Amino acid sequence: MELLTILAVLAVVLPSLYIYTASVVSTRFPKLENKSICLLIAHPDDEAMFFAPTVLALTRPETGNHVKILCLSSGDADGLGETRKKELAKSGVVLGLRSTSDVFVVEKPEFRDSMTTTWDAGKISDLLVSAFAPQLNKSKGASSPPTASIDVLITFDAGGVSSHPNHISLYHGAKEFVGALVAGKAGWASPVDLYTLTTVPIARKYSAFLDVLPTLLSWAIGAGKRDKKHPGGLVFLNGLAGHGSFTTAWKAMTTAHKSQMVWFRYGWITLSRYMYINDLRLEKIKRK
């Protein structure tokens, strides 16, 4: 009976503490406002399975942000490319994007959906340049400031969350893109901040909202906090119920990405801390 009593108390106390923490983080931690933001993903469903807390937080109307999703493949490994593109558009709107027109899917042979293929970072960078900084190819000299049509680019970190080579390729391509913006322009800051989603060990990955304490400790120790305009780290915590919460992330997967909802995905969307918690780090880019 004692064990059952303890478990019952924990079942009430732990979610309550998490909900309180989420409310504090949403009001007191660094945030992005009035920004043009691109979420760069590799496959349809990445936005929901990995980045839902980020998208839900950044698309809140009061932030003034305009968030778009750029996906570099249709996820056509099983011949479901057209279906998955439609699912991505639907999921994006569920997560708060203004419309399906803010979702873009690239289909090129060099960005084939594969667990064994590494995409070329230079080609990813070139695509991002053509999309967000086409003027870069018209040299204006070192005296002119670098410009881009977005303020923030968000993608995976070097671990890719799941070690997927396509995810990791996005990290390297995004870094190359941001570096290209300021190449040969000493003294100018990049017009684009690159934030990457932190990969955590497997024990933390499947600890659901209980990973909140390690996440906050990591942010407190490792994220730069001096520059309020360009925070060194961002933390987004989904609530557990209601609009714009974990249940919305769940809905994005179960009602939009129906083609991907095989049995084991239910385990992921229930236990994965990425459905509840995202922490992003601002990447430091070396100039060429």
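This passage describes the pairing of strand 1 and the packing of helix 10 against helix 11 in a predicted model.

Strand 1, which spans residues 36-41, is mostly covered, with 5 of its 6 residues buried. Parallel pairing joins strand 1 to two other strands. With strand 2 (residues 66-71), strand 1 forms 6 bridges in the parallel sense. Within this pairing, L40 of strand 1 lies opposite L70 of strand 2. With strand 4 (residues 152-156), strand 1 again pairs in the parallel sense, here over 3 bridges. In this second pairing, C38 has L153 of strand 4 as its bridge partner. In a regular strand, side chains alternate between the two faces of the sheet.

A second element of the description concerns two helices. Two packed helices are described by the angle between their axes and by the distance between those axes. For helix 10 (residues 246-256) and helix 11 (residues 263-271), the packing angle is about 160° and the axes lie 10 Å apart. Because angles over 145 degrees count as roughly antiparallel, helix 10 and helix 11 are therefore roughly antiparallel to each other. Their crossing is right-handed. Helix 10 contributes F246, W250, M253 and T254 to the contact, while helix 11 contributes R265, Y266, I269 and T270. Classified by residue type, the contact of helix 10 with helix 11 comprises 5 nonpolar, 2 polar and 1 charged residues.

Methods
Residues numbered from 1 in each chain as written. Predicted model: local features only at pLDDT ≥ 70, side-chain atom pairs only at ≥ 80, totals over all residues. Heavy atoms only, no water. Buried < 20%, exposed > 50% of the residue type's maximum accessible area, 1.4 Å probe, protein only. Helix = DSSP H or I, 4+ residues; strand = E, 2+ residues; numbered from the N terminus. Pairing = 2+ DSSP bridges. Axes fitted to C-alpha atoms, helices over the stretch in contact; angles between N-to-C directions. Parallel < 35°, antiparallel > 145°, perpendicular 65-115°, else oblique. Left-handed = near helix turned anticlockwise from the far one by under 90°. Contact = heavy atoms within 4.5 Å. Nonpolar A, V, L, I, M, F, W, Y, C, P; charged D, E, K, R; others polar.
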